[in-house]
Amino acid sequence: MNIAVPMHHPSDADEATPPSFDQFPLSPPMRAALRAAEYRVPTPIQAATIAPALAGRDVIGAAQTGTGKTAAFVVPLVERLRGDASRGAAATALILAPTRELAEQIFGWTRRLGCGLRSALVVGGVAYGPQTAALRARPSIIVATPGRLVDHLDRRTLGLHDVRIFVLDEADRMLDMGFKPQLDRIMGGLPPRRQTLLFSATMPAGLGALARMHLHDPVRVAVGQQALPPSRAAQDVYLVDSGAKTPLLLSMIAASGGNVLVFARTKHRTDRVARSLCAAGHAAQRLHSNRSQSQRREALEGFRRGRYRILVATDIAARGIDVAGIGRVINYDLPQTVEDYVHRVGRTARAEAAGHASSFAAPEERAQLHAIERHIGRTLPRQTHAAGGGDARSSAAPRPSRQTPAGDTRRARREWEMDTTNGAKGARKRRPRTFGNAGRSRRRRQA
Ligand code: AMP
């Protein structure tokens with residue numbers, strides 16, 4: 001069974017049959033929890049997922065980032081666990097997420113929408129003791145990253161025999177990060193009679209095989225166009241020599257207000273960019289996998305709460321992280337894969353907000369820029385930025401001019417002019433890749 005639901009947002013509710021949480025048989029405590037969260041209308045992925053998941057069906061869900069998929073699985077799993085608990089059955093839900101930050105975020109929602117069910121967070125980078133104690137208290141919901149979960153299985157501080165509902169979130173990302181052995185181990189240890197809800201932005205071949213092996217007659221829920229950035233996010237590109245990226249970043253940040261999330265290619269570059277921003281007097285923090293878990297948490301919380309206006313991060317922050325009101329994403333370096341581009345842009349324009357994503361592309365990043373343009377099916381507007389600050393202005397074909405950031409070589413500028421005029425070859429002709437045929441991202445755990 002396939003349910004294809006056109007992408008729209010809660011505010012665009014269909015006038016004939018406005019979607020409503022009343023359409024689902026939810027308990028009074030869950031209705032109260034949804035009201036407290038100010039969720040009035042289900043998002044399309046929630047509208048399509050909650051009913052089959054409540055009915056106990058396996059679900060494969062494909063939805064753009066920021067579409068509300070956390071509640072799409074938390075609401076039905078909480079309702080089903082409460083039903084089991086009222087019948088005296090021992091039942092647990094296990095939710096796996098690829099990064100600690102995403103797991104923590106989901107854990108927060110299991111508490112807000114959990115209607116009193118106990119949940120435990122099992123992630124790496126923190127001491128085992130409190131986690132073991134939390135697991136001993138027999139939580140109904142366990143939210144985990146794969147590596148630490150397997151460590152607990154090895155230590156026999158956790159068993160999987162009571163798991164009745166298994167959720168795999170950002171499954172494609174998990175495979176990208178090299179978690180296949182851990183997934184095989186975990187899924188092999190789950191009881192065969194269980195419900196599985198699998199969410200993924202793309203469906204690479206390896207994931208299709210895994211779904212065929214582990215899911216039973218799944219309902220497929222696809223919301224809107226897959227693996228494309230949210231249409232509410234304006235996107236543009238600055239063609240710059242790599243030596244001019246930091247001055248350009250500093251002048252853009254000085255010229256604009258609001259929260260900015262900056263993505264750099266490596267941990268080292270992330271540190272360097274954050275240092276330059278701090279040296280220029282900006283409240284900036286950095287997030288990457290060489291930092292301790294408490295540093296990562298402090299960086300994200302500080303950014304969320306406004307202590308830091310700017311967060312500089314590797315792609316560890318590209319997926320799933322939900323920080324309200326990120327006005328701008330800046331790709332200081334272009335990502336290695338188009339999927340990461342989509343996810344980075346998805347950090348702005350969350351829920352119903354508008355947003356703006358700007359990318360810096362140096363001559364050596366031309367191949368990545370063209371791949372992104374082919375993927376999104378259009379040429380990104382080229383921007384130039386007046387030296388020493390001032391607002392960017394759009395330019396369909398910018399002249400070689402004083403506005404070109406300092407440090408551009410003449411050759412690079414000529415190449416960029418050609419590029420600016422032509423855009424990516426085939427960018428307008430090719431169709432964007434969609435769920436089901438998106439290519440496999442390169443494996444990397446460097447984030
Ligand atoms: P998610 O994709 O689960 O990370 O959700 C993206 C954002 O949408 C988060 O800020 C959620 O709190 C918000 N959200 C999810 N569902 C709803 C809803 N039904 N109504 C309003 N906001 C929602």
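Two residues count as being in contact here when their C-beta atoms, placed from the backbone, lie within 7 Å. Keep that in mind for the helix pairs below. One more thing up front: this is a predicted model.

**Helix pairs**

Let's start with α2 and α3. On the α2 side, the residues that meet the partner helix are Ile45, Gln46, Thr49, Ile50, Ala53 and Leu54. Across from them, α3 brings Lys69, Ala71, Ala72, Phe73, Val75, Pro76, Glu79 and Arg80. The axes of α2 and α3 come within 9 Å and cross at roughly 25°. Angles under 35 degrees count as roughly parallel, so α2 is roughly parallel to α3. As for handedness, α2 passes α3 in a right-handed crossing.

Now for α6 and α8, the latter covering residues 180–189. Their axes come within 9 Å and cross at roughly 55°, which makes α6 oblique to α8. In this pair the crossing is left-handed. From α6, the contact uses Pro146, Gly147, Leu149, Val150 and Leu153; from α8, it uses Gln182, Leu183, Arg185, Ile186 and Gly189.

**The nonpolar core**

Which residues touch the most other members of the largest nonpolar core? They are Val143, Val167, Val262, Leu311 and Val312, out of 114 residues in that core. Helix α3, spanning residues 69–86, gives the most to this core, with 8 residues. Domain 1 (21–223) and domain 2 (233–430) both give residues to the core, so it lies between them.

Val262 is worth a look of its own. Setting aside its neighbours within four places in sequence, Val262 is in contact with Leu249, Val273, Ile310, Val312, Ile330 and Tyr332.

**Four residues to click on**

Here are some individual residues, with the count of other C-beta atoms within 10 Å for each.

| Residue | Other C-beta atoms within 10 Å | Burial |
|---|---|---|
| Threonine 43 | 25 atoms | buried |
| Arginine 173 | 25 atoms | buried |
| Glutamate 38 | 6 atoms | exposed |
| Arginine 156 | 7 atoms | exposed |

Take the buried ones to begin with. Threonine 43 is found in the loop between α1 (28–36) and α2 (44–54). Threonine 43 counts as buried because it has 25 other C-beta atoms within 10 Å, and the cut-off is 20 or more. Threonine 43 and threonine 67 are 24 residues apart in sequence, yet their C-alpha atoms are 6.7 Å apart in space.

Arginine 173 is found in helix α7, residues 171–176. Arginine 173 is buried too, with 25 other C-beta atoms within 10 Å. Its C-alpha is 9.0 Å from that of alanine 97, and the two residues are 76 places apart in sequence.

The exposed ones have something to check in the backbone. Most residues other than glycine have a negative phi. Glutamate 38, though not a glycine, has a positive phi of about 60°. Glutamate 38 lies in the loop between α1 and α2, and is exposed, with 6 other C-beta atoms within 10 Å.

Where does arginine 156 lie? Arginine 156 is in the loop between α6 (146–154) and β6 (163–168). Its phi is near 60°, a positive value in a residue other than glycine. Arginine 156 counts as exposed because 7 other C-beta atoms lie within 10 Å, and the cut-off for that is 12 or fewer.

Note on methods. Residues are numbered from 1 along each chain as its sequence is written. This is a predicted model: local features need pLDDT of at least 70, side-chain atom pairs count only at pLDDT 80 or more; totals for chains, interfaces and linings use all residues. Helices (H or I, at least four residues) and strands (E, at least two) are DSSP runs, numbered from the N terminus. A nonpolar core is a set of buried Ala, Val, Leu, Ile, Met, Phe, Trp, Tyr and Cys residues joined through C-beta atoms within 7 Å. Domain bounds come from an automatic or database domain assignment. Axes are lines fitted to C-alpha atoms, for helices over the stretch in contact, and angles run from 0 to 180 degrees between N-to-C directions. Angles under 35 degrees count as roughly parallel, over 145 as roughly antiparallel, 65 to 115 as roughly perpendicular and the rest as oblique. A crossing is left-handed if the near helix is turned anticlockwise from the far one by less than a right angle, and right-handed if clockwise.
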